[in-house]
Amino acid sequence: MLKIKSDVEKKTGFEYNFVLLNFYESGHAKIGARKDDKPSLDQSVDIATLSFGACRDMIFSKKGCKSVRQALEAGSLLLIHYQKEWTHAIPPQPCVKEPRISLTFRRVWSSLQQSLDEMEHDYSIPPCERLLRE
Ligand SMILES: O=C(O)CCC(=O)C(=O)O
Ligand SMILES: [Mn+2]
């Protein structure tokens with residue numbers, strides 16, 4: 001993981017201190033629209049998303065604008081610069097049968113615990129997974 005982090009930092013020019021792994025078992029797994037605007041995130045550091053496995057689409061949306069669809073292929077690295085009005089989501093794609101993993105590298109200001117608490121809220125991690133982690 002440290003080697004991947006260092007490669008991502010070389011490519012992007014940012015330094016990261018937090019990584020979130022999302023596992024999408026199939027095209028049925030999705031994440032809803034979000035802004036990644038938690039207070040713990042350093043918004044001056046773009047979030048870098050590295051993709052593995054199945055190609056999935058990310059949809060960028062803003063009120064009054066046409067949505068933008070970006071395919072995230074295996075091995076691709078996407079940089080998301082924080083913008084107040086835009087959200088991003090991974091919609092369901094039931095025809096996709098293969099799993100996908102994404103690593104999103106972030107820079108957080110605050111304590112690891114505070115960042116984890118905020119993300120837990122954002123991702124609605126069920127209590128059993130929370131217990132396993134503790
Ligand atoms: O899985 C992805 O590619 C993106 C995940 C994401 O944007 C997030 O977890 O905030
Ligand atoms: Mn995100």
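Biologist: In strand 8, which residue is the bridge partner of Phe52?

Modeller: This is a predicted model, in which local features need pLDDT of at least 70, side-chain atom pairs count only at pLDDT 80 or more, and totals for chains, interfaces and linings use all residues. Residues are numbered from 1 along each chain as its sequence is written, with chains lettered from A and ligands numbered from 1 in the order in which they are written. Strands are DSSP runs (E, at least two residues; helices are H or I, at least four), numbered from the N terminus. Strand 3 (residues 47-53) and strand 8 (residues 100-106) run antiparallel and are joined by six bridges; the partner of Phe52 in strand 8 is Ile101.

Biologist: What is the strand order of the open sheet that has strand 1 and strand 6 as its edge strands?

Modeller: Two strands pair if DSSP finds at least two bridges between them. Strand 1 (18-24) and strand 6 (77-80) each pair on one side only. The pairing in this open sheet of four strands is antiparallel, and the order is 1-8-3-6.

Biologist: At about what angle to strand 3 does helix 1 run?

Modeller: Angles run from 0 to 180 degrees between N-to-C directions, with axes fitted to C-alpha atoms, for helices over the stretch in contact (C-beta atoms, placed from the backbone, within 7 Å). Helix 1 (residues 2-12) lies across strand 1, strand 3, strand 6 and strand 8, and its angle to strand 3 is about 125 degrees.

Biologist: In strand 7, which residue is the bridge partner of Ile59?

Modeller: Strand 4 (residues 56-61) pairs with strand 7 (residues 87-90) in the antiparallel sense over three bridges. Ile59 has as its partner in strand 7 Ala89.

Note on methods. Two residues are in contact if their C-beta atoms, placed from the backbone, lie within 7 Å.
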